[in-house]
Amino acid sequence: MRSMGLGQVRVRHHEEIARVEVEPADMEKVIYHREKIGVKLKSLGYTYIVLDLEGYRSGSLNLVLN
């Protein structure tokens, strides 16, 4: 995804779901490249690919752990 011009990017693994986190300014790039991203992540075994509308943020996994 970095080759698509995305800066901060994280993919969280939730069983069959890949949750993509990017900076809010990069969300348009993710939408533009959605087919390519979807094909790649599905080839890795994910059934669903979602874009986290809150964007990339440090510590977001801790919300689930608490």
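Helices (H or I, at least four residues) and strands (E, at least two) are DSSP runs, numbered from the N terminus. The structure is a predicted model, in which local features need pLDDT of at least 70 and side-chain atom pairs count only at pLDDT 80 or more, while totals for chains, interfaces and linings use all residues. Residues are numbered from 1 along each chain as its sequence is written, and side-chain values use heavy atoms, with hydrogens and water left out.

**Exercise 1. Work out the order of the elements and find the residue with positive phi that follows H2.**

Step 1: the protein has 3 helices and 3 strands, and from the N terminus these elements run β-β-α-α-β-α.

Step 2: beyond H2, which covers residues 34–43, comes Gly-45, and the phi of Gly-45 is positive, near 110°.

**Exercise 2. Describe the sheet and explain what its edges leave open.**

Step 1: counting two strands as paired if DSSP finds at least two bridges between them, one obtains an open sheet of 3 strands in the order E1-E2-E3, with mixed pairing.

Step 2: E1 (9–14) and E3 (48–51) are the edge strands, and each has a single partner strand, so one side of each lacks a neighbour in the sheet.

Step 3: the average turn between neighbouring strands of this sheet is 25°, direction ignored, where axes are lines fitted to C-alpha atoms, for helices over the stretch in contact, and angles run from 0 to 180 degrees between N-to-C directions.

Step 4: E2 (residues 17–22) pairs with E3 in the parallel sense over 4 bridges, and Ile-17 has Tyr-48 in E3 as its bridge partner.

**Exercise 3. Assign the two sides of H2 and state what its buried residues pack against.**

Step 1: H2 lies across E1, E2 and E3 and runs at about 135° to E3.

Step 2: taking buried as under 20% relative accessible area, exposed as over 50% and partly exposed as in between (1.4 Å probe, protein chains only), the buried residues of H2 are Ile-37, Gly-38 and Leu-41.

Step 3: seen down the helix axis, these buried residues fall within an arc of 100°, so they line one face of H2; the arc is that of the directions from the helix axis to the C-beta atoms.

Step 4: the other side of H2 carries the exposed residues Glu-35, Lys-36, Val-39, Lys-40 and Ser-43.

Step 5: with contact meaning heavy atoms within 4.5 Å, the buried residues of H2 pack against E1, E2, E3 and helix H1 (27–32).
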